[in-house]
Amino acid sequence: MLSINNLHASVAGKEILRGLNLEVKPGEVHAIMGPNGSGKSTLANVIAGRDGYEVTAGEVIFNGKPLLELAPEERAGEGIFLAFQYPVEIPGVNNVYMLKAALNGIRKYRGESELDAVKFLNLVKQKTRLVELKESLLNRPVNEGFSGGEKKRNEIFQMAVLEPKLAVLDETDSGLDIDALRIVANGVNQLRDGERSFVVVTHYQRLLDYIVPDVVHVLAGGRIVKSGPKELALELEQRGYDWVVGQAA
Amino acid sequence: MSTRNEDVTRLVKQDYAAGFYTDIEQDRAPPGLNEDIIALISAKKNEPQWLLDARLAAFAQFQRMSEPDWAHLHYPPIDLQSISYYAAPKRKEDGPKSLDEVDPKLLETYEKLGIPLHEQKMLAGVAVDAVFDSVSVATTFKGKLAEAGVIFCSFSEAVREHPELVRKYLGSVVPAGDNYFAALNAAVFSDGSFVYIPKNTRCPMELSTYFRINAMNTGQFERTLIVADEGSTVSYLEGCTAPMRDENQLHAAVVELVALRDANIKYSTVQNWYPGDEQGRGGIYNFVTKRGDCRGANAKISWTQVETGSAITWKYPSCILRGENSVGEFYSVALTNNYQQADTGTKMVHIGRNTRSTIVSKGISARQAQNAYRGLVRILPGAEGARNYTQCDSLLLGDRCGAHTFPYIEVRNPSAKVEHEASTSRISEDQLFYLRSRGIPQEDAVNMIVNGFCKDVFKELPMEFAVEANKLLAVSLEGAVG
Amino acid sequence: MTAALNQALDSLAGEFERVAATLPAADQRSVANHRTAAVDRLRARGLPVTRDEAWKYTDLKSLAGNRFRFTGPSATALTRQQLPALTAHPIVLVNGWLDPVLTDLDALPTGVSLSGLDQHLTALMQSRAPVDDAFQWLNDAFLGAGLHVNIDAGIAIDQPLEIICLRTATDEPAMCHPRLRLDIGAGASVTVLERYVDLAGAQALTNVVTDIVIGQTATVTHCRIQAESPASYHIGRTYVDLARDATYQATHFDIGAGLSRTDINIEQHSEGSVVGLDGLMFVDGKRHCDCHLNIDHAAPRTRSTVRYKGVIDDEGRGVFNGRILVRQDAQQISAQLHNRNLLLSARAEIDTKPELEIYADDVQCAHGATVGQLDETALFYLRSRGVPLATARALLLHAFVGDIVDAIADSKLRQLALTELAGLLAALEPLPELT
C-alpha cells in the first residue's frame, strides 16, 4: 500500500531524512518511534505534502502511484490523512463546513457524486459519537478555542468522516491526559477494519498500550535503524533509545 | 495606591553624574557657519582637497534645505550662526604620539567618566576611541587590533592613512543631501571613529567610542564609518556625555555602517547627553542620522540603543536590507523625564529576497516628557518572502507626559509578512502591589518593573553595557513613579 | 502644488463661479459669503499633495483629466420600484439632491423628521470650525444639496433608516457635494444605512460630508456602504459627535470607486461614550482606496474599538491611517485599533499607519497592523483534508471578511453586506454552495 524507498528530505537546507525505507501493507499498524529530532514529524509532513519539506532523493509510492508529485488535496483524494501534531486554528472557518468541502473535494477527486446535506449531517452526527466530540464544537471555527484534547479528538473525528486508506498520526498522544488518550485511541481502534492502515508516530510507548501496532520502527538520524514486533516498544521504554542508536551506529 | 502627580514629582530626581566641566586650554573657531569656517576646519585637519570639495558641495546643498518639522518635537529655532563649529584642547606641536603624551587633564576627565584610557586599567577586551569636542584625543589597543588587520582610528587619521577606504565608503550610505542635519554634518563634521574589519575576520575585541562635549557654545558633529568586509564580525559600542549647562548645545552626528556579504555588525549606544534640568533648561539637542547598509547576502546589522539623555532626540537608526537573506534589527529603550522630548525609531527597507527585520521599542515617559516612536517598514516588490516583526510598548509615569506611536508600513510584495503591535499604559498597579506586598519598597518595585519592561532590549547589549544601562535607567528614573 | 492639481483646482473653482448664482439661497449675503470664503480658502491652500502628511499615499493628480459639471436638482425617470433598495421606504438623494418623488415622506417612522437643507443652511454654516481640509471647503462652497434628519429624543426605531445616494448616468463627468446631517435626540436609538450607488454609466466626483450628532445615552448603529463604479471618485467625510454615554456602532464598507478617500472623524468629548467601528476595504483592478480614521478621546471613561480590514488584489492600492488621540486628563480610556490586510496579487500594495497619541496615563491603548497573504499553514491544513486549493483559498478569504459582516446586528443589513461582498469575493475565488 505505502512504499517508501531511500527517502531523503531537508528542511531549510538541512537534511533530516537520509535514506528512509518503509513498507506498509493494507490493514497494518506501524509505529514510528525515535528520539527528538530524529525526523519523525518530517516523515509525516513529507507524506502529506507540506511546503518547506524538500525531497532531494527517493520515492513514496501509494497504491502504485508516486505520491510526491501530488498536491496535498490530491493526496487526501488518494486516501491519505494526516492527524496533525499541532492542529491548526482557523478563525472564521466553520468546522462542519470545512469538513463538507473536504469530503466533497475527495469524492469529486474520485469521480463520485457529492453527498447531500441530510446524508452528510447524519454521517457527521454518527461519527461524533466515535470520539465523544461535543456537538457544540461542530459549528465552531476549526479548532479555535478548543482545548488540547478537543483538538486531537477533532482530528480523529475528521479522520472518521473522511475514511482514509492510510492515516498518519503525528504525535497524537502529545499533550493528552489519560482519559483523552483512551478516547482518541478508542476512536482509532474502531476505524481498524483490516483494510485501513495506520502510521503512528510517537515519542512514548504509552499510546501503543492502546493502539497495538503490528510493527515498531525506530527512527534515528533520518533512517529506520531497527524494526521489530510490538514488544520492541516496551524494550525501548525500559532501555531508552541510546541502546538501539548505538547498536545501529 | 495611585500614580499621582505629586508622587512622581517627589520621586523623580535629577542626578546627572557626568555633568562636570573640564577646564582646559582650547583652540576654537569663532562662532558662525560659512565657507570660511568649513575651510578652516578642513585646514586644521590637513585634509586633502577632495574632502574640502565634498564639504563645500554638502554646504551648498544644505543651504537649499530647510529644517524638518514633521517630528513630534517642539523647540525654539536653532541659531546655527551662534555656534562654534570647532573646539579642541590645545596641544603641543603635532599632538600626542602615545597615551603618555595626552594631557593629564583629559585622561582625568575620562577616568572620572568611568572610561580609563590607560590600557592596564582598562576593561579587558574593549578598545576605546575618545572624542573630546571636535577631536579624537586617544585611541587604545590600536596595536593589538592591527595584528588582526582591524583598522580602528579617529576619522581624521583615517582620512590621512586610509584615504582609499574613506573615499570609497564615506557618504555611500548617508549621502550629503540625505536630510538637513546630515547635510550640515557633511559640511562641518569634525572627528569621529573609523573602523574597517577585513574579510573573514572576527574583531578580537569590542570597539567603542566615547563622545564628550565639553566646550561652551559649540556643537559636536562627529562622523563614524564602519565597514565590515565579507564574512567579518564586529561589535561596536558608543557612549556620550556632556556638562550641565543652561544653554542648549547641538549634536548632529552621522553614522554609516556597511556590511558586505556574510558580515555582521552590532552597534550599541548608551546615549546619556545632558538632558537639561527639571525646568527644562539646557540639555543637548541630539539630531542624528544613523544608517546601515546590508550590501551583500546574509549580512546582518543590529542596532541597540539606550537613550536616556538629551533635551531633544531626533534619531532613526536604520537598515537597508539589500542583500538576500540579510537581517536588520533595532532594539531601543528611550527614556524621557522632565521636559525631555524624543522622536526616535527606525527604518527597515526591505529590498532583497527573504530579508528579515525585527523592531523592539520600549518608550518610557515621566513628568512632562514627550516620547514618540516613529518607524518605517518598507517592503519593495522584489523583497520576496520578507518578514518584519515590530513590537512597540510605551510606559507612562505620571499624568502630564505623553507617549506616541507613528509606524509607517508600506508593503508591495504579497509574500511578505509584516506584523506590528503597540501598546501604551502605565505601570500595572497589580504588579506594583504584588511586589510591595512581598516586602519590596515602592521605588525598587518600580525599577524592577521598568527593568522588566526593558528586558528584551537590555539582553541585546554587550555585558558591560547591560549593567551600565540598568544603573543608568535607575538613576534617570530615580523613583519616577509612586 | 503640481501643475495637474492646479488645473484640477482651477476647474473646480471655475465650476463654482459658473453655478454660484444658481445655488440655493444665493441671494442671502451670509450664505454667499460663506461659499466664497470657502473657495478663497481652497484657492489659497490648494488641493492636497503627497507632501501633505494626510495625503502621503494618495495622489489626486488624475482629477485633472476631468472637468466635473455641477448638477442641480432635476427630475428623474426612475420609479421607486427600480431602486436597489433594502427597505420599503428609502430616503433617496439623486446626484446629491433629496428627491421628493422617490422618497416617501409620509412613510417616515414617528419621531423622524426629514427635510432638504434649505432651512438649515445658517446652522450648517456654523457647525464646524474651519479645518485644514480642502474637500470640506469644497463641500462648503457648494453647500445646498443633501438632507437633514432629526430623530426625537427617546425614540427607538426598529427598521433601518436607509439613505441611498444615487448617481445617474451623465454625458459628461459630474460632481455633487451633498451634506447629510443627522441629529439624534437624547436616549433615541436608530440604525442608519448610508449607501452610495451609481447607475450604469455614471462618471462622477462625489464629495460628501456626513454629520452625525448623537445625544446623551442615544445609540446609533451606522452602516455605510460605498459601492460606486470604478469610473467614480468618492471623497467622504464622516463626522461623529458623541454626547455623554452615547454609543456609535458602525460598519464602513469601502468597496467601490476608482479613487476613494474617506475620513472618519469621531469626537468623544463627553464622558462615558462608546465607539465600536468595523471597516472593510476591498480594492481590485487599478483602484485606489484610502481610509483615514481619527478618534479623539477628549473626555474620561470613553472607549473605542476599531477593527479595519483590507483586501487588495490586482494592481489595487489600499491606504489606512488610524489615529487614536487621548487628550490630557482624559483618564480611564480604553482604545484598541487593529488593521489587518491581505495582499492577493504581486502588484497590489498596502500602506498602513496606525497611530497612538497619548497624553494621559490611566489608559489601556493598543494598536496592531498586519500585512500578509492567506495563512499558509491553514491552507495546508485544509488541503491535507482534501479541500481543493481554490476552495481552501475561498474559505479563508470569506473567513477573513466574515467576522466584520457577522458583527452586524441587524439581519437585513447583514444580508445586504453579504450580497454586496459576495459578488466581489466570487470574482476572486468562488465559494461553492455547500449547504
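How far apart do the C-alpha centres of domain 1 of chain C and domain 2 of chain C lie? They lie 32 Å apart, and the first view below looks at the place where these domains meet. Please keep in mind throughout that this is a predicted model.

**View 1. Domain 1 of chain C in contact with domain 2 of chain C.**
Chain C is divided into domain 1, residues 3-270, and domain 2, residues 377-435. The contact brings together eleven residues of domain 1 of chain C and ten residues of domain 2 of chain C. On the domain 1 side, strand S9 (189-198), strand S11 (219-227) and strand S13 (247-254) of chain C each supply at least two residues. S11(C) gives the largest share of that side, with four residues. Sorted by class, the domain 1 side has eight nonpolar and three polar residues, and no charged residues.

**View 2. The contact of chain C with chain B.**
Of the two pairs of chains that touch, chains B and C have the most contacts. Here 31 residues of chain C meet 29 residues of chain B. If you follow the chain C side, you will find strand S20 (349-358) and strand S21 (363-372), each supplying at least two residues. This side of chain C is made up of 15 nonpolar, eight polar and eight charged residues.

**View 3. Strand pairing between chain B and chain C.**
Now let us look at the strands themselves. Strand S23 of chain B, residues 417-426, pairs with S21(C) over eight bridges, and the sense is antiparallel. A handy place to start is His420(B), which stands opposite Ala369(C) in S21(C).

**View 4. The contact of chain C with chain A.**
On this side, 22 residues of chain C are in contact with 25 residues of chain A. Two helices of chain C, helix H5 (376-384) and helix H6 (389-406), are the elements that give two or more residues to the chain C side. The same side of chain C counts twelve nonpolar, six polar and four charged residues. What of chain A and chain B? These two chains do not touch, and their nearest C-alpha atoms are 12 Å apart.

**View 5. Helix H4 of chain A and the residue Glu132(A).**
Helix H4 of chain A covers residues 117-130, which makes 14 residues. At 1.5 Å a residue the helix should span 20 Å, and its end C-alpha atoms are 21 Å apart, so the expected and modelled spans agree. Just after H4(A), Glu132(A) takes a positive phi of about 50°.

**View 6. Asn63(A), a non-glycine residue with positive phi.**
Asn63(A) is found in the loop between strand S4 (53-62) and strand S5 (65-66) of chain A. Although Asn63(A) is not a glycine, its phi is positive, at about 50°. Is this residue, Asn63(A), buried, exposed or partly exposed? Asn63(A) is partly exposed, because 13 other C-beta atoms lie within 10 Å, and the exposed class stops at 12 or fewer while the buried class begins at 20 or more.

**View 7. Ala257(C), in the loop between S13 and strand S14 of chain C.**
Strand S14 of chain C spans residues 259-268, and Ala257(C) has its place in the loop between S13 and this strand. Ala257(C) has a positive phi of about 75° and is not a glycine. With 28 other C-beta atoms within 10 Å, Ala257(C) is buried.

Definitions and conventions
Residues are numbered from 1 along each chain as its sequence is written. Chains are lettered from A and ligands numbered from 1 in the order in which they are written. This is a predicted model: local features need pLDDT of at least 70, side-chain atom pairs count only at pLDDT 80 or more; totals for chains, interfaces and linings use all residues. Two residues are in contact if their C-beta atoms, placed from the backbone, lie within 7 Å. Ala, Val, Leu, Ile, Met, Phe, Trp, Tyr, Cys and Pro count as nonpolar, Asp, Glu, Lys and Arg as charged, and the others, Gly among them, as polar. Domain bounds come from an automatic or database domain assignment. The expected span of a helix is 1.5 Å times one less than its number of residues. Two strands pair if DSSP finds at least two bridges between them.
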